[in-house]
Number of protein chains: 4
Amino acid sequence: MTELRIAADLVDRENEKRAKAHEADYAALGEHLSRRNVDIDAITAKVAAFHVAVPSWGVGTGGTRFARFPGLGEPRGIFDKLDDCAVINQLTAATPTVSLHIPWDKEDPARLKAHADALDLGFDAMNSNTFSDAADQQHSYKYGSLSHTDAATRQQAVEHNIECIEIGKALGSKALTVWIGDGSNFPGQSNFTKSFERYLAGMADIYKALPDDWRLFSEHKMYEPAFYSTVVQDWGTNYLIANTLGEKAFCLVDLGHHAPNTNIEMIVARLIQFGKLGGFHFNDSKYGDDDLDAGAIEPYRLFLVFNELVDAEHRGVKQFHPAHMIDQSHNVTDPIESLISSANEIRRAYAQALLVDRSALENFQQENDALMASDTLKRAYRTDVEAILAQARKKAGAAIDPIATYRASGYRKQVAGERPSQRGGSGGIV
Amino acid sequence: MTELRIAADLVDRENEKRAKAHEADYAALGEHLSRRNVDIDAITAKVAAFHVAVPSWGVGTGGTRFARFPGLGEPRGIFDKLDDCAVINQLTAATPTVSLHIPWDKEDPARLKAHADALDLGFDAMNSNTFSDAADQQHSYKYGSLSHTDAATRQQAVEHNIECIEIGKALGSKALTVWIGDGSNFPGQSNFTKSFERYLAGMADIYKALPDDWRLFSEHKMYEPAFYSTVVQDWGTNYLIANTLGEKAFCLVDLGHHAPNTNIEMIVARLIQFGKLGGFHFNDSKYGDDDLDAGAIEPYRLFLVFNELVDAEHRGVKQFHPAHMIDQSHNVTDPIESLISSANEIRRAYAQALLVDRSALENFQQENDALMASDTLKRAYRTDVEAILAQARKKAGAAIDPIATYRASGYRKQVAGERPSQRGGSGGIV
Amino acid sequence: MTELRIAADLVDRENEKRAKAHEADYAALGEHLSRRNVDIDAITAKVAAFHVAVPSWGVGTGGTRFARFPGLGEPRGIFDKLDDCAVINQLTAATPTVSLHIPWDKEDPARLKAHADALDLGFDAMNSNTFSDAADQQHSYKYGSLSHTDAATRQQAVEHNIECIEIGKALGSKALTVWIGDGSNFPGQSNFTKSFERYLAGMADIYKALPDDWRLFSEHKMYEPAFYSTVVQDWGTNYLIANTLGEKAFCLVDLGHHAPNTNIEMIVARLIQFGKLGGFHFNDSKYGDDDLDAGAIEPYRLFLVFNELVDAEHRGVKQFHPAHMIDQSHNVTDPIESLISSANEIRRAYAQALLVDRSALENFQQENDALMASDTLKRAYRTDVEAILAQARKKAGAAIDPIATYRASGYRKQVAGERPSQRGGSGGIV
Amino acid sequence: MTELRIAADLVDRENEKRAKAHEADYAALGEHLSRRNVDIDAITAKVAAFHVAVPSWGVGTGGTRFARFPGLGEPRGIFDKLDDCAVINQLTAATPTVSLHIPWDKEDPARLKAHADALDLGFDAMNSNTFSDAADQQHSYKYGSLSHTDAATRQQAVEHNIECIEIGKALGSKALTVWIGDGSNFPGQSNFTKSFERYLAGMADIYKALPDDWRLFSEHKMYEPAFYSTVVQDWGTNYLIANTLGEKAFCLVDLGHHAPNTNIEMIVARLIQFGKLGGFHFNDSKYGDDDLDAGAIEPYRLFLVFNELVDAEHRGVKQFHPAHMIDQSHNVTDPIESLISSANEIRRAYAQALLVDRSALENFQQENDALMASDTLKRAYRTDVEAILAQARKKAGAAIDPIATYRASGYRKQVAGERPSQRGGSGGIV
């Protein structure tokens, strides 16, 4: 039995207020698109079928190394977090799964599963943590985990990842995401080659424990928390990992983990071409791994990533089913609002990419008509698809305007009463 | 008497084909905007009044240090260039002025003025060149111009700039833009302080020759052609220049001249606040000074720049009339098409910025409602304003679809017959 | 009475072991330099007179937003921190002053002063904190401090800074450093101009409280903790601040606070030229504000910064006495060792810069002999000045090899016994 | 018979002047190193055996897209270029081979070989050019070469590369370097996947024509001349190429072809580990592909690259013989001087890397003693090895001070008399 926290009739009432304007917008867009030979309802159906996973850690207020400023009603644990995730999905119908982070979300799997079931939520990829020390941990990760010079520390990290697989099996997850902070802060501190050999050996041990219908995602990142070198620093190294481990191993692309100016959509294309794109951690950034809301800074870049995904579908790439996950840090907003908004922005980019006239594009590319090829993408991108997104939500029983509906619901105030307020303090993720 | 190169009835015929769809789009957008309490015709009128200058050097095919691949019908000189510029303005009604570059565009001012008058074109800021050596030049700029260690070379550079002012006076220009390539390729090659002192002294001499109703624009750039240090490397130095010279001196912002990740819109805001924003060289870029078409790479960034300009108007900033100029290198497109498209993209960003609900934005800012403040900008940005741009063009007698109309006109083929084809060759600007 | 924690005779014994090799190195270098017409003892004397302040927060283990991994014997408070600072100065004779951070280092000024006196330490610039919330604080800095939209929050930040001045007056400090994290994470979140106006008004209030013989240092930073815009984002804005406030206001340059590829030494030169260089926060970085040990990543860059300082002295710049401070985060090393090493590296860069043949350099610059100008710097830079640094230390009673001597002293083990061990945890600075 | 252009007795006389100081420096360094258990003569012997190839295009003055400012005595063709290269090798004994660029260096192979033999020069890797159009070329590379959408253009590019192999076979070269400028300036202009498929197919055709004892080097570059996407954009793509083609295919690393902040030495390590490091194009840079003199900007980075090479030797990596080549653009110096200096700097980095105490380093790495590991590298790096470099040159009959000796020789003045002076002009490489 679904136990949603926002009353269904509130959603209805809020939708009712906006129905007329929405219908006018949807009709006008439908007419416009029909002049471009596009069937709006077909696009809406595709958008409605597109989902993105929400990270359990994303519903708590994030922070930096300098400070964390908690908001009201911070979730006290994974059960509260699932409640918050359910609100996001209720209002967007875009986020039916949650990605867990162990050890923070470690609870009795049966209770977890029951709670999620009641909220109509499923579980996406499991995430291990070997970038900070848990309270009861024998060996410290100060100097690395899977690539540590000490065998016992590496073994501990391997076992932790295997434990994450075990938990995930009980919950119905089908993937493990491994991101490690291993690296160095000084030239000379670590031997690049030996570190990577140790990492590969540890990952091979984890891979062996992976069920046949699971996928293993490795995630690269240029820097942070290591500031001179990082063991899995870019997609080149990430590809070597996936290729070395085997056919269940894939590369995860976090949009914020690249060098300045990097053409990320081209990396996506290369990984698709060589059969190793596992999926995404969506977010946006201006400087480093800023973990800002998807689409907040460079929306055209997000569109160009989706353009590659739709192009791959269009070209009929085999066995192509990348995982879509959000990974953000919400430092100055209500995390629920940011995740609602981000799920919408991700769908927006997908909807825009679906509008690209691919046959025209192909001709312009063949003829080296750079200007019209560019314009073909821009024409799709500049189409205001908000009415399509709203329609997909509305038809799924979610909100035409999910942020306004969320605010009208008083959910934040309500949980603020239930969950004790936190003190701020020096930085960090939760 | 206006002697336009594209037949007016061709434009009419092409507009006729697109009129019905355009009217439907404009009406639908008008209705949508009226629900947002925006009067579409008021926006269209503002857009129609917005102009951007075209650079004379932009109508020739550009190149890199590796190669230049000329197209058909390359302009042979400034008279051909003006013809091309007239086509851009005829089809967009957005570019009534041309910015000249001396010595390349040096011709008898009376003839130039007559030719421009016949084409309904005026002259924007004059541009001097001391970053390459002219054939007849006594002192080389290999090691600098206004900041050169040799006094005679500096004097030559000063005189060249004064000559540009003289030519501009004859043509009706009201501004001089000074961009120099001076800098160094090696640590130690030049003394930063002495170089800048020499630069400032030279600029003071030029400033003295400036008529009272002119403005002097200095332009900063992080690097290229100098690859270790550049004398006018950023807006900080540029501000010092404008502040040292006097009230007719202003900073010019070229969007591609900044360090990676720089928040350019904030620089724009700072220069406005301290009364020193002179204007823009519009273009887009991904890596360095790529000089790509405006809006081609990061359209949201272009919007955010215009958001500052409209915000300044909204706040009633005094004596605020920045110059708008395009500065691009068209290496793989027909330059006329790229300039048409870029003028449209610049107007698009302006139209979107006009749609921002500034009263709502102000409230969200005051309340630190980051999510809704962001959404307020995004809502304006994602509005498809193409119908507004088309309406502004149509009402001015220009083309609903200027690229398609240009292609239908056969102009490029026509001038290709008149102008001998060029050989390619190793790189450079024209 | 000085109460140093490392026995003087241990230092002597350690020096004794290395004396012969050191003397041979010093003599050989002296001979070599005399062939270059350089008097080694004069250089040594200048190096010995060069000091750099140690930050109180630097003797604790630092962290990132992901984790902090404490070491043994972490200082429990400012008295422990001063003890650690005294060890650094005892072994290097390079760091006789400490820079405090309020509120963390807030204690009875009389007791603080007495403790410092006993350790032969003085106090450098005071540092305020408005980038995180203290436990007892009325208004949160979540959305800014000096630039906050709320007047009461701004006032609280102003008062905190004035309190820092008051504490500093009691301790003999002569400067206040203001770094704020204010900025925004979303386009639209804050109005750039109004934020900066509020910041300037707050700083003016602080400036008014500044004693006549004090200096006010404002510090710019490109990003972090704000990830879209930062109020004091670069030296251009920093200059505007110092210039607006008055003659006691100066710009502080933290080497890690710039955009990628920025020519920092040129910024130093510009600030010197316009009379606004206040001083430095030394550290090194590869990606962002990595806060790594000075000279660890790009030692030539550090040299080039000192080359500007020595050049300014050489040119006889008036009233030129920049403050030298270290600001680093020691995540994987013993902080005392990192600070010892960093102080040495900073002195190394200074010593190398002193060896530049400035008369030759000037000639090469005048003649545009780029290759020999570059070589003149490189020749000074590649000179192994370790013997000069060791000699300066030895003559001051400090250690020829301070790291080895520190390790031999067993200090860390000793304080580990006195100070309870800490648990790690999610990130942050201490 | 060797026909060197600088009289041997001039070299002797110049060496004689510097012999005494050099011997003192060498003796002092030898003593110092013996205290570190290093045999200076063994290091000198290794340095003397280290060679780096000079690019034929490097002896002409380079330029940017804005301008090229030729110097005196510019080489008129490949024979003049070989003469200049011989001078570099005569004075450094470090550059016995030249890397040719076709079509510019295309001449009768027998004559070329004879001329090179007479100058004691050999031929290193051949370089093809498909980034600009030759005068007589049928298909233009404006829109790409090996990845062009048009089959005939691709075929032309393949045939040109095969021709380069043929020429190289006649000259004794053993490698072909393929760098292409293919890419796009606009999102949408080219299909990333199809472009790369076409590239791989073309490269496979070239690979088939490769003799068994040759190597094929592919070279990646982030951007320029393409400013939105580049087909071979980074080492990840480069690895995929080499891996796809076969065991004679390797990756070439140009130090200036990476994103800002990239850890290049780690890429070197990865390529070594996976058996695909082909070699280097040495140069230095601050912003983009600045092509400045090796070691001029970040000498520590150059050292860290060599540290990986020496480490690989130390670990006994099999079949490890990377190619060492210089690729620079000399815009403001005498190219011969820059190449002399750069060859010295490259050897300097190698010499410093040889001084690393690898056994100590390994222990520090194993113990996670980051500070001492870093210091172990820095200790080697800061050793002034100039005397070792000079000794290696002197023993080979080259110059103790090659720049001074070159200047004393009057070579530039002499060839300026023989070779007509050039006019400057807009940019480009020669």
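**Exercise 1. The annotated domain**

State which residues of chain A UniProt lists for "domain: Xylose isomerase-like TIM barrel", and describe the secondary structure over that range.

*Solution.* The unreviewed UniProt entry lists residues 100-290 of chain A for "domain: Xylose isomerase-like TIM barrel". The structure examined here is a predicted model. Over residues 100-290 of chain A, helix accounts for 36% of the chain and strand for 15%, while the C-alpha atoms at the two ends of this range lie 21 Å apart.

**Exercise 2. An open sheet in chain C**

Determine the strand order of the open sheet of three strands in chain C, and identify its edge strands.

*Solution.* Begin with the order, which is 1-2-3 with parallel pairing. The edge strands are strand 1 (54-55) and strand 3 (122-123) of chain C, each of which pairs on one side only. Next, take strand 2 (residues 97-99) of chain C, which runs parallel to strand 3 of chain C and is joined to it by two bridges. At the level of residues, C:Val98 has C:Phe123 in strand 3 of chain C as its bridge partner.

**Exercise 3. The relation between chains B and C**

Find which rotation superposes chain C on chain B, and name the kind of axis this implies.

*Solution.* Chain C is superposed on chain B by a rotation of 180 degrees, with 0.0 Å of shift along the axis and an RMSD of 0.0 Å. That is the relation of a two-fold axis. The same surface serves both copies, since 100% of the contact residues of chain C recur in chain B. To place the axis, note that among the residues of chain C it is C:Gly236 whose C-alpha comes closest, at 1.9 Å.

**Exercise 4. The interface of chains A and D**

Describe the interface between chain A and chain D, and then decide whether A:Gln365 is buried or exposed.

*Solution.* In terms of residues, 54 of chain A are in contact with 54 of chain D. The area buried between chain A and chain D is about 4800 Å², with carbon and sulfur atoms giving 57% of it. The count of salt bridges between these two chains is two; D:Lys194 forms a salt bridge with A:Glu362, where the closest N and O atoms are 3.4 Å apart. Turning to A:Gln365, this residue lies in helix 11 (residues 358-366) of chain A. Leaving aside neighbours within four places in sequence, A:Gln365 is in contact with D:Thr149, D:Gly188, D:Gln189, D:Ser190 and D:Asn191. Its relative accessible area is 10%, and because buried means under 20%, A:Gln365 is buried.

**Exercise 5. Salt bridges linking distant parts of a chain**

For the pairs B:Arg407 with B:Glu337 and D:Arg419 with D:Asp84, locate each partner and classify its burial.

*Solution.* The side chains of B:Arg407 and B:Glu337 meet in a salt bridge at 2.9 Å, N to O. This pair links distant parts of the chain, with B:Arg407 in helix 14 (residues 402-409) of chain B and B:Glu337 in helix 10 (residues 335-354) of chain B, 70 residues apart. B:Arg407 is partly exposed, with a relative accessible area of 37%, whereas B:Glu337 is buried at 6%.

In the second pair, D:Arg419 forms a salt bridge with D:Asp84, the closest N and O atoms being 2.9 Å apart. D:Arg419 belongs to the segment after helix 15 (411-418) of chain D, and D:Asp84 to helix 3 (residues 78-92) of chain D, 335 residues apart. D:Arg419 counts as buried at 2% relative accessibility, and D:Asp84 counts as buried at 0%.

Conventions
Residues numbered from 1 in each chain as written. Chains lettered and ligands numbered in written order. Predicted model: local features only at pLDDT ≥ 70, side-chain atom pairs only at ≥ 80, totals over all residues. Heavy atoms only, no water. UniProt positions renumbered as here; feature names shortened; annotations may be inferred. Helix = DSSP H or I, 4+ residues; strand = E, 2+ residues; numbered from the N terminus. Buried < 20%, exposed > 50% of the residue type's maximum accessible area, 1.4 Å probe, protein only. Contact = heavy atoms within 4.5 Å. Least-squares fit on C-alpha atoms with pLDDT ≥ 70 in both. Pairing = 2+ DSSP bridges. Buried area = accessible area lost by both parts, 1.4 Å probe. Salt bridge = Lys/Arg side-chain N within 4 Å of Asp/Glu carboxyl O.
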